[in-house]
Amino acid sequence: MRPIAVTGLGIVSPIGIGRQDFWEALCAGRSGIRARPNVAAGLPRLAAALPTFAARDFIRSPHLRRADPVSRTIVAAARLALADAQLTPESIGPERLGITVGSVLGDINESVEYLRRLFTKGAALVSPMMFPNLVLNAAASYTAMELGCTGANLTVSQGELSGEQAIAVGCDLIRAQRADVVLAGGGDTLSDVVTATYRRFRALSGQRGGTEWSSPYDAHRNGVVLGEGGAMLVLESTDAARARGATIYAEIVDHCSFGVAAPPYAWPRRAAAAAPRLRAFLERTLPAPAGVDLVCGSANSSRRLDGCEVDLLTRVFGEAAAGVALTSIKGAIGEFGAAGALTAVAACLAVHHRVVPPLCNFRRPDDGAPFRFAQRTAESRRIEQALILGIARGGATVAMHVRRAGE
Amino acid sequence: MNHTELKKRLKRLLVDGLKLEGVDPESIQDAAPIFVEGLGLDSIDALELVVLVEEQFNVVIPDEEVGKLAFASIDALAQYIAQQQRAQAAQGGA
Amino acid sequence: MRRVVITGAGSINALGNGTRAFAEALRNSRCGIAPLTLFDASGYRTSCAAEVRDLTPPAWLKPAVARHSSRSDLLALIAAHEALAQAGADSAASGLGIVLGTTVGGMPGWEEYFRQGLVGQRRRRHAVALTLPVSTSVDVLAAVFGCSGPRLTLSTACSSGSNALGVAVDWIRAERAPAVLCGGVDALCRMTFSGFNALQALDAVPCRPFDRDRAGLTLGEGAAMFVLEEREHARARGARILAEFLGYGVSADAHHITQPRPDGAGAAQALQRALDDSRVRADEIDYVNAHGTATPLNDVLETRALKAALGARAHRIPISSTKSMVGHCLGAAGAIEALACIVALREGFVPPTLHLEHPDPECDLDYVPNRSRPHAVHTVMSNSYGFGGNNTSIVLRGVG
């Protein structure tokens with residue numbers, strides 16, 4: 001499988017806008033999680049919200065005045081990523097620039113507002129302007145309009161793996177020669193709907209006792225803290241990237257995607273069945289005898305997911321686990337459908353800078369967990385090969401092998 | 001509200017309701033065509049404006065023909081609304 | 001390059017349950033559009049819809065699963081079950097992948113749950129909230145059929161179904177799965193009905209694609225699912241091959257969030273890319289199943305795109321819109337129309353465009369007005385153009 005180069009990174013996150021601000025904040029161990037105002041007493045109040053940010057500063061097309069906040073986030077991230085890659089739609093060729101966006105619920109807040117009007121004011125008074133924003137592919141369409149690009153354009157959704165899957169599909173579009181460059185990533189927003197659902201099923205931190213906090217992989221983790229944001233990565237063939245002298249943050253060697261049995265709408269308790277598949281995947285993609293130096297997981301401070309990931313990874317790495325660094329950035333950005341796109345950004349920067357991104361609030365792991373868990377501040381380390389791992393509710397699993405760009 | 005107030009409110013509605021970023025409501029001329037190149041409005045804006053006007057001023061724009069005349073300019077729209085409201089008041093009184 | 005074949009198909013829509021019923025209805029030029037009964041349509045400019053009547057959980061589905069399934073889940077399950085049975089593939093053992101195209105997901109159930117909340121209804125089934133994300137249907141399919149391969153949901157509005165098939169083709173070509181259960185599903189709901197109504201995109205009467213007096217679409221619902229398989233893999237296990245999936249092409253209009261590019265250039269691009277990907281010349285196309293939504297804009301731009309990409313061939317082949325029969329099923333449309341193509345390939349007739357009374361001078365191709373027509377076809381194309389300018393064309397070829 002041909003490796004794909006990542007040459008541009010655009011991020012709109014609760015800890016910073018743009019690659020540099022994001023990375024700096026991440027490495028400093030900063031978290032975007034804050035107490036939200038106006039939350040009734042007794043309810044979980046933490047979330048990682050985006051800072052007030054003028055998407056208008058990044059968006060040029062007048063068409064986008066009607067765009068919803070999620071689309072604006074993604075378009076802004078796309079603009080940032082392209083600029084970071086030092087590319088323009090003209091330099092790529094508008095027909096050869098593809099877009100893949102992942103999101104779990106898109107513009108859910110406007111969907112709710114739209115329905116509220118429908119049910120309280122009737123069909124004649126719904127907003128015609130709002131309706132087009134409610135399809136999941138609105139962001140990808142706005143991005144195409146903003147950039148004037150007519151290449152392959154796909155919107156994917158896979159729960160908490162929406163970001164990783166958009167990147168996987170983007171890589172495959174290039175491999176299949178359906179595009180030369182792909183902007184891949186996604187975004188999701190905080191919403192009362194999602195918060196209410198998590199809360200109703202008592203999945204948020206603090207609901208089952210203990211302090212409300214986000215501490216992925218920590219032995220005292222007690223539930224999820226939600227967040228929002230978006231990221232877009234510029235993907236292109238390694239040959240093309242080298243030919244134009246681009247900075248290659250990382251190479252995506254390959255990915256694998258499969259499903260494990262899970263209770264409906266819930267994370268699997270154990271994903272043992274995934275271990276042989278993951279091992280086989282790594283054996284295919286890793287240069288022997290070198291192994292994985294860093295795993296960026298999707299752990300989000302839930303008791304079950306984090307434990308499931310550690311169990312799976314322990315089965316995959318066995319004795320080598322002690323030498324594998326393990327981290328997750330959800331303590332900094334919260335949990336949301338497209339968060340995996342930001343995890344991918346962090347993984348690329350980790351191999352590029354040879355730094356292990358910190359684990360927020362981490363004190364100690366579950367008993368017996370063998371990994372070199374990240375610390376609460378960034379740590380320099382020899383990192384050549386990294387693995388991005390994601391497990392979604394319902395059992396879908398994605399693993400993406402990322403490596404340092406060859407000299 | 002008086003006619004001047006109404007027109008001011010309509011300009012505000014246009015800018016806020018149609019998300020015309022960076023357009024100063026005061027810069028919209030009373031007699032100038034609303035649906036013209038300058039403001040970059042399209043058919044979705046037209047549909048949205050109908051809904052906004054119907055809801056906020058409690059009037060009805062029954063069809064496209066009436067709509068075209070009513071939305072010809074801020075002046076025309078203000079006149080249409082005032083007319084409709086007078087007619088409603090008359091019916092209410094009878 | 002690895003070749004991709006179709007070894008199973010399943011269907012449910014307003015024309016009936018099962019691929020046999022669908023094929024018969026197409027041959028008999030039946031219309032599935034009727035007054036809407038799922039929810040109150042007063043206040044909308046139309047009450048026409050292509051609804052699936054009397055949808056009930058099938059006997060083979062465990063009651064616990066049925067209870068939690070959204071309307072979209074049920075439609076997808078029914079179609080998938082038929083496709084898997086036809087293919088004779090052992091879904092659990094084969095690492096079967098799943099790709100599904102959909103727009104609304106669990107919205108039909110969720111909007112009702114939300115409405116109940118607004119009116120203060122005390123007892124609500126909160127589990128409904130879990131079915132809202134569009135990606136939950138593939139999880140349900142995976143759980144019910146025991147699939148452990150890759151899974152993905154495509155949500156590109158009206159081209160979701162075609163894009164799902166396209167991604168499945170790419171997965172097989174890239175050896176990410178030897179076989180993929182794929183297709184599209186969507187269910188009628190007040191959100192989409194009211195939205196298209198607000199955009200004045202619904203015709204008051206059953207839609208009239210390519211007709212001079214056409215005034216918009218008629219919404220429908222349903223699912224079409226397929227088993228796509230690598231050709232040698234299918235042959236080795238003696239599977240019956242329904243048709244071959246030659247390729248697909250996708251483009252973006254980059255024009256407007258609802259309106260398509262009126263010159264059809266984006267659509268023509270997708271068409272050309274599909275021909276290139278399929279290694280098929282324009283003059284090999286025997287039939288086109290059009291996107292044909294019956295909006296004033298679409299039918300003209302699609303005619304232009306067909307002429308631009310197929311040249312003289314466009315004037316010599318039948319082209320029809322089966323949306324005149326099953327309505328516009330949004331995320332399911334591309335998949336349902338792929339099935340219509342397979343029926344045409346296998347049974348030697350082309351389905352009609354119903355309600356075509358008055359030709360539009362700007363739509364001057366052969367749209368097979370009103371009655372299906374016996375016509376042997378070997379290589380066919382289907383177009384789907386999504387809201388926001390997401391254009392996809394697929395190419396299928398008959399076998400034997």
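**Exercise 1. In this predicted model, find how far apart the centres of domain 1 and domain 2 of chain C lie, and describe the side of domain 1 of chain C that touches domain 2 of chain C.**

Solution.
1. Start with the distance: taken over C-alpha atoms, the centres of domain 1 of chain C and domain 2 of chain C are separated by 21 Å.
2. Locate the two parts. The domain assignment places domain 1 of chain C at 4–236 and domain 2 of chain C at 247–397.
3. Count the residues in contact: 61 residues belong to domain 1 of chain C and 58 residues to domain 2 of chain C.
4. List the elements. On the side of domain 1 of chain C that touches domain 2 of chain C, at least two residues each come from β1 (4–13), α1 (19–27), α6 (160–173), β7 (179–186) and β8 of chain C.
5. Pick out the main contributor: α6(C) gives the largest share, eight residues.
6. Sort by residue type. This side of domain 1 of chain C has 28 nonpolar, 23 polar and 10 charged residues.

**Exercise 2. Describe the contact between domain 1 of chain A and domain 2 of chain A in the same way.**

Solution.
1. The division of chain A gives domain 1 (4–243) and domain 2 (252–403).
2. Over C-alpha atoms, 21 Å separate the centres of domain 1 of chain A and domain 2 of chain A.
3. Domain 1 of chain A brings 58 residues to the contact, and domain 2 of chain A brings 55 residues.
4. The elements that give two or more residues to the side of domain 1 of chain A that touches domain 2 of chain A include β1 (4–13), α1 (19–27), β4 (46–48) and α6 (162–175) of chain A. Also among them are β7 (181–188), β8 (226–227) and β9 (229–237) of chain A.
5. The largest share on this side of domain 1 of chain A, eight residues, is supplied by α6(A).
6. By type, this side of domain 1 of chain A holds 29 nonpolar, 22 polar and seven charged residues.

**Exercise 3. Which elements of chain A supply the side of chain A that touches chain C, and which strands are joined by bridges?**

Solution.
1. The contact draws 50 residues from chain A and 54 residues from chain C.
2. The elements of chain A with at least two residues each on the side of chain A that touches chain C are α4 (108–121), α5 (138–147), β6 (153–157), α6, α7 (192–200) and β10 (250–259).
3. Of these, α4(A) provides the largest share, six residues.
4. The side of chain A that touches chain C divides into 28 nonpolar, 18 polar and four charged residues.
5. Turn to the strands: two bridges join β6(A) to β6 (residues 151–154) of chain C, and the strands run antiparallel.
6. Within this pairing, Val156(A) stands opposite Leu154(C) in β6(C).

**Exercise 4. Which residues have the most contacts inside the largest nonpolar core?**

Solution.
1. The largest nonpolar core has 305 residues.
2. Those with the most contacts inside this core are Leu233(A), Val180(C), Leu181(C) and Leu228(C).
3. Take Leu228(C) as a case. Leaving aside neighbours within four places in sequence, Leu228(C) is in contact with residues including Val4(C), Ile6(C), Ala168(C), Val169(C) and Ile172(C). Ala179(C), Val180(C), Cys182(C) and Phe245(C) are also among its contacts.
4. A second, separate core has 17 residues, including Ile61(B), Ala70(B), Phe71(B) and Ile81(B).

**Exercise 5. Describe the fold of chain B, and compare its radius of gyration with that of a compact globule.**

Solution.
1. Chain B has four helices and zero strands, in the pattern α-α-α-α along the sequence.
2. A compact globule with 94 residues would have a radius of gyration near 12 Å; chain B has 13 Å, which agrees.
3. Along the principal axes, the C-alpha atoms of chain B fill a box of roughly 45 × 25 × 20 Å.
4. Of the 94 residues of chain B, 23% count as buried.
5. Among contacts in chain B with a separation of 6 or more, 56% are between residues 24 or more positions apart.

**Exercise 6. Gln200(C) and Leu330(C) each have a positive phi. Place each residue, and decide whether it is buried or partly exposed.**

Solution.
1. Most residues other than glycine have a negative phi.
2. Gln200(C) has a positive phi of about 55° and sits in the loop between α7 (190–198) and β8 (222–230) of chain C.
3. Gln200(C) has 16 other C-beta atoms within 10 Å, so Gln200(C) is partly exposed.
4. Leu330(C) has a positive phi of about 50° and lies in the loop between α11 (323–326) and α12 (333–347) of chain C.
5. Leu330(C) has 31 other C-beta atoms within 10 Å. The cut-off for buried is 20 or more, so Leu330(C) is buried.

Conventions:
Residues are numbered from 1 along each chain as its sequence is written. Chains are lettered from A and ligands numbered from 1 in the order in which they are written. This is a predicted model: local features need pLDDT of at least 70, side-chain atom pairs count only at pLDDT 80 or more; totals for chains, interfaces and linings use all residues. Domain bounds come from an automatic or database domain assignment. Two residues are in contact if their C-beta atoms, placed from the backbone, lie within 7 Å. Ala, Val, Leu, Ile, Met, Phe, Trp, Tyr, Cys and Pro count as nonpolar, Asp, Glu, Lys and Arg as charged, and the others, Gly among them, as polar. Two strands pair if DSSP finds at least two bridges between them. A nonpolar core is a set of buried Ala, Val, Leu, Ile, Met, Phe, Trp, Tyr and Cys residues joined through C-beta atoms within 7 Å. A residue is buried if 20 or more other C-beta atoms lie within 10 Å of its own, exposed if 12 or fewer, and partly exposed in between; C-beta atoms are placed from the backbone. The radius of gyration is taken over C-alpha atoms; the globule rule is 2.2 Å times the number of residues to the power 0.38.
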